[in-house]
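This report looks at how two parts of one protein chain meet. Please view the sequence and the structure below before reading on.

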Amino acid sequence: MATPENKLAFDGGWGYDPAPESTDHINIKNRYGLFINGDFVKPEKGKYFDTVNPATEERTSRVADASQADVDKAVKAAREAYRTTWGRMKPAERGKYMYRIARIMQERAREFSVIESLDGGKPIRESRDVDVPLAAAHFFYYAGWADKLEYAFPGRTARPLGVAGQIIPWNFPLLMAAWKIAPALACGNTVVLKPAETTPLTALKLAEVIADAGLPPGVVNIVTGAGATGAAIVEHPDVDKIAFTGSTNVGRLIQKTIAGTNKKYTLELGGKAANIIFADAAIDQAVEGIVNGIFFNQGHVCCAGSRLLVQESVADEVIAKLKDRMETLIVGNPLDKNTDIGAINSSMQLEKIQSYLKIGKAEGGEMHQSSCRVPRKGYFCRPTIFTGVSQSSRVVQEEIFGPVLAIQTFRRYDEALVKANNTPYGLSGGIWTDKGSKIFKMTQGMRAGVVWANTFNKFDPTSPFGGYKESGVGREGGLHGLDAYVKLGAK
Ligand code: NAI
Ligand code: MG
C-alpha cells in the first residue's frame with residue numbers, strides 16, 4: 001500500500017540511486033551494410049537510414065536500406081548455399097554450428113542486452129534476463145533437433161523446404177530472429193531475414209556471431225530496410241517459405257500476396273489477451289502478474305495481458321492494489337537496472353498509444369495514470385488503466401501495444417469466458433484462481449493459443465506458440481515449430 005513513507009521514497013525523498021549499465025564494452029559501427037553471402041556488403045543503391053535510441057532520440061547507427069536488387073542477391077546466396085552446402089550437410093554437423101552460435105551468444109550476452117536496450121528502448125532487466133538468454137536457448141534447443149528429425153516425425157521423411165524469408169518486428173528483435181532462424185537451420189533450410197527498421201542492430205550483431213561461428217556463406221543473410229524490403233522478400237519467386245511476426249494488417253497483405261503460390265507460411269500477429277482474476281485467487285500475486293503482463297516492456301508484447309477481467313466481489317480490492325503498485329513503477333532510462341518501464345519504441349508508436357488514450361476517454365472510459373515523472377527527452381508513457389469501459393470500446397477490442405490496461409468485471413465464469421473470447425484476436429490469456437478445476441474449465445473454453453495459469457508471459461523454447469483467429473496461422477517453438485520448416489513424405 002502507498003503509505004506516506006514509501007510514497008515519499010518514489011517521489012524523490014529517497015529513491016534508488018541511478019544504476020545504469022555501462023556501455024564501454026559496446027561496439028556499434030557508425031554504419032552497417034547488408035549481410036549477404038557471409039560478408040557485410042554495400043546496398044546497390046547506396047541508401048542508408050538512421051536507427052535511433054528511443055530514450056534519447058539520438059542516432060545509434062546508420063543501416064542499409066535494401067532494395068529489390070539487394071533482396072534478390074540475398075535470395076540467390078541463400079539458394080546457392082542451400083544447394084551446395086547446408087541442404088546436403090550431415091544433420092549432426094548442422095547441429096554443431098548451431099551450438100556454436102548459441103555459445104557465442106551467451107559469451108556476448110552483455111553486449112547483446114545493452115545494444116537491445118539502446119536500440120529498442122526496453123529495460124535492461126528485460127533484455128538481460130529474458131531476451132538474450134531465451135534467444136540462446138532457442139539455438140541450443142533446435143540444435144538438438146537437427147539430427148533427430150526422424151524422431152520428431154516418426155515413420156515419415158522430413159526434407160527441408162529450401163530458402164526461408166523471415167520478417168520480424170521491433171518488440172523482441174534478437175529473440176524473434178532466434179525464433180525464426182534456429183528451427184529453419186535445424187531442418188536444413190537457408191535464410192533471408194529482415195529485422196524491423198527501428199531495431200536492426202542486434203540482428204546485425206547476430207550476423208557477426210554467425211560469421212564468427214564459421215557458418216558457410218549464404219546460409220543466413222540479413223537484410224535491413226522497411227516495409228518495401230519486406231515486401232520484396234515476400235514477393236520473391238525463389239523463396240519457399242515466409243515466416244512473419246508483426247501487425248495483423250501486414251499479415252493479411254502477406255497472405256494475399258502469396259495466395260496461389262507454393263510458398264508455405266506462418267504468421268504471428270496481434271493480440272488482446274485477457275487476464276481473468278477470480279475472487280479465490282492469491283490477489284497480491286495476481287496483481288503482480290497483471291503488472292508484469294502489461295506494464296513491463298512497455299506493453300510491447302503481442303501476448304501482453306492488455307485486458308483485465310476481475311470478478312466483481314474483488315474488483316475494488318484488485319484495482320486499489322493495482323493503482324498502488326503502479327505508483328511504485330519506475331519509468332525511465334532503459335539502461336538503468338531499476339527501470340521497470342523503458343522507452344516506447346518509436347515516435348510513431350507513442351503517437352498511436354496517445355491516440356488510444358484519447359479514444360478511451362472519448363468513449364467514456366475512466367483513465368488513471370501513475371503520477372511518476374517521465375524524462376523530457378525520448379518517447380515515454382506512464383502506466384495507464386481504463387475502468388468503466390464496455391466490451392465494444394475500442395480500447396477493449398483493439399491492440400494498442402503500449403502500457404495501457406482495460407479493466408472490466410464479471411460475476412460468473414461463463415460471463416468471463418464470453419468476454420475473454422469476444423475480440424478478433426486469440427493469442428494468449430491468463431487465469432488466476434486457487435482452484436485447479438476452474439483452471440481446466442476456463443482453459444478449455446478460451447480460444448487462445450497460450451493460456452497461463454497463476455503466472456503470465458512465461459516462455460520456453462520447448463513450448464509451441466501461436467494464435468487463433470486474427471492472431472495468426474501456424475505455431476512456432478517446440479516440436480510444432482519444426483513442422484513449419486519441413487516437407488513431409490513417406491519413408
Ligand atoms: P508492421 O507489421 O508494419 O512491422 C513488422 C515487420 O513487417 C517489420 O519488419 C516491417 O518492416 C515489416 N513490414 C511492413 N510492411 C510490410 C510489407 N508490406 N510486407 C512485408 N513486410 C512488411 O508493424 P509496425 O508498423 O511496426 O507496428 C504497427 C502495429 O502492429 C503495432 O502498434 C502493434 O499493434 C502491431 N505489432 C504487433 C507485433 C506482434 O508481435 N504481433 C509486433 C509489432 C507490431
Ligand atoms: Mg532504434
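In this predicted model, domain 1 and domain 2 bury about 2,400 Å² between them, and carbon and sulfur atoms account for 58% of that area. On the side of domain 1, the residues that lose the most area to domain 2 are Arg125, Trp170 and Ser471, which together make up 23% of what that side buries.

The two partners are parts of a single protein chain: domain 1 is assigned two segments, 31-269 and 471-490, while domain 2 covers 274-460. Their C-alpha centres lie 30 Å apart, and the residues that each domain gives to the contact are listed here.

| Domain | Residues in the contact |
|---|---|
| Domain 1 | 27 residues |
| Domain 2 | 31 residues |

Which residues form the salt bridge, and how far apart are the closest N and O atoms? Arg125 pairs with Asp340, with the closest N and O atoms 2.9 Å apart, and one salt bridge is what the rule finds across the interface of the two domains. Arg125 is thus named twice, being also among the three residues of domain 1 that lose the most area to domain 2. Polar contacts between domain 1 and domain 2 number ten residue pairs, counted with both residues at pLDDT 80 or more.

As for the elements involved, α4 (109-120) and α5 (124-145) are those that give two or more residues to the side of domain 1 that touches domain 2, and α5 provides the largest share, five residues. By class, that side of domain 1 holds eleven nonpolar, nine polar and seven charged residues.

Conventions:
Residues are numbered from 1 along each chain as its sequence is written. Chains are lettered from A and ligands numbered from 1 in the order in which they are written. This is a predicted model: local features need pLDDT of at least 70, side-chain atom pairs count only at pLDDT 80 or more; totals for chains, interfaces and linings use all residues. Side-chain values use heavy atoms; hydrogens and water are left out. Domain bounds come from an automatic or database domain assignment. Contact means heavy atoms within 4.5 Å. Buried area is the accessible area (1.4 Å probe) that two parts lose on being put together, summed over both. A salt bridge is a side-chain nitrogen of Lys or Arg within 4 Å of a carboxyl oxygen of Asp or Glu. A polar contact is a pair of N or O atoms within 3.5 Å; within protein, one must be able to donate a hydrogen and the other to accept it, and residues adjacent in sequence count only if both atoms are side-chain atoms. Helices (H or I, at least four residues) and strands (E, at least two) are DSSP runs, numbered from the N terminus. Ala, Val, Leu, Ile, Met, Phe, Trp, Tyr, Cys and Pro count as nonpolar, Asp, Glu, Lys and Arg as charged, and the others, Gly among them, as polar.
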